[in-house]
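Grab the viewer and work through these exercises at your own pace. Each one sets a task and then walks through a solution.

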Amino acid sequence: MIDVMNPANGTLLGRIPETSADTVDAAVKAARKAKGPWESLPAIERAHYLRKISAKLREHRIELADVIVKEQGKVRALAQVEVDFTSDYMDYMAEWARRIEGEVLTSDRPKETMLLMRKPVGVVAGILPWNFPFFLIARKLAPALVTGNTIVIKPSEETPINAYLFAELLAETDLPKGVFNLVGGRGSVAGEALITHKDVDLITFTGSVATGSHIMQAAGKNLTKVNLELGGKAPAIVLKDADLDLAAKAIYDSRVINTGQVCNCAERVYVERTVHDALVEKLTAHFEATRYGDPSESDDLEMGPLVSEIGLTKVTAAVDLAKTQGATIVCGGKPADLGKGFHFEPTLITGATHEMDIMRKETFGPVLPIQIVDSLEEAITLSNDSEYGLTSSVYTSNLTSAMQAARELKFGETYINRENFEAMQGYHAGHRKSGMGGADGKHGLYEFTVTQVVYIQE
Ligand code: NAD
């Protein structure tokens, strides 16, 4: 069994089983068995099941958010957003049932019709991280099911309880057995068994670059299709004509949300020299006013703990290294002394340079380094010189600068004059080491399909 702890105070919340390779095999077999009947249902009937699940989630929305607060350390308001967004996402994907389209192609031959049909990939393995543990279930399951696939989900061993609760609620619906399966446990056991299973047709993974790279290699054995949503080091560019109040608030929000543990949120700032001091002053005011602590004790918080002791150690080491490499800590800079849990002070860093690790490696904590630049072009060059390419943001009141940034930034997403938060009808996809393929919207939906071209000669 694996202990599941509350990261805000170190209490034991429960234990989950370490699923063996044999049980993973049974789950994949169940998914394979259920696939035929599920695929042959009209898509609209599959969508009805998704709506039944979302209705169940809405009935239990408070209790689900409570579990996320306790096992992941999210503040309650954000945990509630996560649960509600998950229900909405199920409904949104259900709406695609009548919109999944093939194509009729022009043939080179007389009296021939060519049809391009979209079909389900087959059995999907969904492997999840801990930072949005509940929403990620829906991001994998909903598009998989509506397009006719069956699925085996493995949640993170850090935050599995919400997934078990999801499975219990789902079992109260009449979803056919085997369409959804849950396996718990560590990546090294249950995860490995899934990614090397010859009967898995698509591995859709969200997590770190290191694990994503490993999964891709393992998938090579059976040539299993992969879809990878990995880490990021999102730049935020603030130009001298930006609305600085808006920029400071949006960047701040994007940095403390989920205690900085969000793949798409601003991890480094490039600000034009003439507005550097003004921006730092505004950001400092926000950072110093942050209300943080144990979200299971208070609902009036903006920030909870980091997810684990490992997370705390990594963030502490990253900030210490920034200091050693010559950066200046404006506020925060060390683990917060709350007497319990894995809390880190909201931390603002100035004097950062391109060579420093704090500007290049994913920190995944409430830490914001700032570097001065002299032009948009310099900011774009520095932003693009990164192994990551997930999201980016720009703050400017000049349309030409905004459009130049949109054209030249090489990232899967660019936010202009707003905080980093994607919409379900968008397409969340990382360039470079941030991933392969993407999620959400029409393009994300079709990642769960394969195509077949049919030639009909009269
Ligand atoms: P992680 O890579 O450590 O773990 C993710 C999952 O992979 C867990 O379920 C884990 O058990 C499993 N796993 C680990 N080793 C495995 C193996 N050998 N085989 C199969 N599965 C294995 O990531 P994490 O720490 O849970 O999540 C944080 C990372 O996720 C950050 O880098 C963050 O940027 C990224 N992330 C990306 C997105 C996105 O959409 N791009 C979203 C959320 C998080």
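**Exercise 1: Ser54 and its partner**

Ser54 is in helix H2, residues 43-59, where helices (H or I, at least four residues) and strands (E, at least two) are DSSP runs numbered from the N terminus. Before you start: this is a predicted model, where local features need pLDDT of at least 70 and side-chain atom pairs count only at pLDDT 80 or more, while totals for chains, interfaces and linings use all residues. Residues are numbered from 1 along each chain as its sequence is written, and side-chain values use heavy atoms, with hydrogens and water left out.

Task: is Ser54 buried or exposed, and which side chain does a polar contact join to that of Ser54?

Solution.
- Step 1. Fix the cut-offs: buried means under 20% relative accessible area, exposed over 50%, and partly exposed in between (1.4 Å probe, protein chains only).
- Step 2. Ser54 has a relative accessible area of 1%, so Ser54 is buried.
- Step 3. Look for a polar contact, meaning a pair of N or O atoms within 3.5 Å; within protein, one must be able to donate a hydrogen and the other to accept it, and residues adjacent in sequence count only if both atoms are side-chain atoms.
- Step 4. The partner is Asp91, whose side chain is joined to that of Ser54 by a polar contact of 2.6 Å.

**Exercise 2: a glutamate in a loop**

Task: where is Glu345 placed, and with which side chain does the Glu345 side chain make a polar contact?

Solution.
- Step 1. Glu345 sits in the loop between strand E12 (328-331) and strand E13 (347-350).
- Step 2. With a relative accessible area of 14%, Glu345 is buried.
- Step 3. The side chain of Lys334 is the partner, at 2.9 Å.

**Exercise 3: the ligand shell**

Task: which residues come nearest to the ligand, and which element gives the most to the shell around the ligand?

Solution.
- Step 1. Collect the residues near the ligand, that is, those with a heavy atom within 4 Å of it. There are 28 around the ligand, and Leu128, Glu157, Ser208, Glu362 and His428 come nearest.
- Step 2. Check the polar atoms. An N or O atom in the Glu362 side chain is 2.6 Å from an oxygen atom of the ligand. A backbone N or O atom of Leu230 lies 2.7 Å from a ligand nitrogen atom, and a polar side-chain atom of His214 lies 3.5 Å from a nitrogen atom of the ligand.
- Step 3. Work out the cover. The ligand taken alone exposes 860 Å², and the protein buries 88% of that (Shrake-Rupley method with a 1.4 Å probe; for residues, only the protein chains shown count as cover).
- Step 4. Go by element. Helix H7 (187-195), strand E8 (202-206) and helix H8 (209-222) are the ones that give two or more residues to the shell. H7 gives the most, with four residues.
- Step 5. Sort by class. The shell has eleven nonpolar, eleven polar and six charged residues. Here Ala, Val, Leu, Ile, Met, Phe, Trp, Tyr, Cys and Pro count as nonpolar, Asp, Glu, Lys and Arg as charged, and the others, Gly among them, as polar.
- Step 6. Split by domain, using bounds from an automatic or database domain assignment. Domain 1 (2-230 + 434-457) and domain 2 (234-424) each supply at least three residues to the shell.

**Exercise 4: rings**

Task: how many aromatic pairs does a search of the whole structure find, and what are the distance and angle for Tyr92 and Trp96?

Solution.
- Step 1. Rings of Phe, Tyr and Trp (its six-membered ring) pair if their centres lie within 6.5 Å; planes under 30 degrees apart count as stacked, over 60 as edge-to-face and the rest as tilted.
- Step 2. The search finds ten aromatic pairs.
- Step 3. The ring centres of Tyr92 and Trp96 are 6.4 Å apart and the planes are at 85 degrees, so this pair is edge-to-face.
- Step 4. Tyr92 and Trp96 are both buried. They belong to one aromatic cluster with Phe85, Tyr89, Phe135 and Phe421.

**Exercise 5: positive phi**

Task: what is the phi of Arg432, and what is that of Asp440?

Solution.
- Step 1. Recall the background: most residues other than glycine have a negative phi.
- Step 2. Arg432, not a glycine, has a positive phi of about 45 degrees. Arg432 lies in strand E18, residues 431-432, and is partly exposed at 34% relative accessible area.
- Step 3. Asp440, also not a glycine, has a positive phi of about 85 degrees. Asp440 is in the loop between strand E19 (435-436) and helix H14 (441-445), and is buried at 2%.
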